[in-house]
Amino acid sequence: MVKIRFKKFGTKKRPAYRIVVQDSRKPRDGTTIEEIGTYDPIAAGEQFSVKEDRAKYWISVGAQPSDTVRKLFSTKGLNK
């Protein structure tokens, strides 16, 4: 199954995440199919950006967003 989930990057105690499309059997920081956005929870105002057209495409072909990514997508109006 293909999932839309976070891939962690950044430094110790300063996490940042990429929103990626990835096979659910791969490890969190393993190889990805496509990177579609970023999320920085530490920055002022929780900086979140996503390629909306690619996110809609992957959801339309059956990719399942993780719970946290689903909550972020709801703020952008990208729900199913």
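The following exercises, each with a worked solution, look at the fold, the two helices and some single residues of this protein.

The structure is a predicted model, in which local features need pLDDT of at least 70 and side-chain atom pairs count only at pLDDT 80 or more, while totals for chains, interfaces and linings use all residues. Residues are numbered from 1 along each chain as its sequence is written, and side-chain values use heavy atoms, with hydrogens and water left out.

**Exercise 1. The overall fold**

Work out which helices and strands the protein has, and describe its overall dimensions and surface.

Step 1. Helices (H or I, at least four residues) and strands (E, at least two) are taken as DSSP runs and numbered from the N terminus. Counted in this way, the protein has 2 helices and 5 strands, and along the sequence they follow the pattern β-β-β-β-α-β-α.

Step 2. The radius of gyration is 12 Å, close to the 12 Å that the globule rule gives for 80 residues, so the protein is as compact as a globular protein of that length. This radius is taken over C-alpha atoms, and the globule rule is 2.2 Å times the number of residues to the power 0.38. Along the principal axes, the C-alpha trace spans about 35 × 30 × 20 Å.

Step 3. Of the 80 residues, 35% count as buried, where buried means under 20% relative accessible area, exposed means over 50%, and partly exposed lies in between (1.4 Å probe, protein chains only). The accessible surface comes to about 5,100 Å², of which 49% belongs to carbon and sulfur atoms; such areas come from the Shrake-Rupley method with a 1.4 Å probe, and for residues only the protein chains shown count as cover.

Step 4. A contact means heavy atoms within 4.5 Å. Among the contacts with a separation of 6 or more, 33% are between residues 24 or more positions apart.

**Exercise 2. The two faces of helix H1**

Find which residues of helix H1 are buried, which are exposed on the face turned away from them, and what covers the buried ones.

Step 1. Helix H1 covers residues 52–60, and its buried residues are Ala55, Trp58 and Ile59. Seen down the axis of H1, these buried residues fall within an arc of 100°, so they line one face of the helix; the arc is that of the directions from the helix axis to the C-beta atoms.

Step 2. The face of H1 turned away from the buried side carries the exposed residues Asp53 and Ser60.

Step 3. The cover over the buried residues of H1 includes strands S1 (2–11), S2 (14–23), S3 (34–40) and S4 (47–50), together with helix H2 (67–76).

Step 4. After H1 comes glycine 62, whose phi is positive, near 110°.

**Exercise 3. Helix H2 and leucine 72**

Repeat the analysis for helix H2, and then follow one of its residues, leucine 72, in detail.

Step 1. The buried residues of H2 are Val69, Leu72 and Phe73. Seen down the axis of H2, they fall within an arc of 100°, so they line one face of the helix.

Step 2. On the other side of H2, the residues Asp67, Lys71 and Thr75 are exposed. The buried residues of H2 are covered by elements that include S1, S2, S3, S4, H1 and strand S5 (64–65).

Step 3. Leucine 72 has 12% relative accessibility and counts as buried. Leaving aside neighbours within four places in sequence, leucine 72 is in contact with Phe6, Tyr39 and Phe48. Leucine 72 and valine 50 are 22 residues apart in sequence, and their C-alpha atoms are 9.7 Å apart in space.

Step 4. H2 is followed by glycine 77, with a positive phi near 80°.

**Exercise 4. Residues in the loops**

Describe lysine 13, serine 24 and lysine 26 by their place, their accessibility and, where possible, their contacts or backbone angle.

Step 1. Lysine 13 lies in the loop between S1 and S2 and is exposed, with a relative accessible area of 74%. Its phi is near 65°, a positive value in a residue other than glycine. Most residues other than glycine have a negative phi.

Step 2. Serine 24 is found in the loop between S2 and S3 and is partly exposed at 29% relative accessibility. Apart from neighbours within four places in sequence, serine 24 is in contact with Met1, Lys3 and Arg5.

Step 3. Lysine 26 is placed in the loop between S2 and S3 and is partly exposed, with a relative accessible area of 39%. Not counting residues up to four places away in sequence, lysine 26 touches Arg5 and Thr31. The C-alpha atoms of lysine 26 and valine 2, which are 24 residues apart along the chain, are separated by 9.9 Å.
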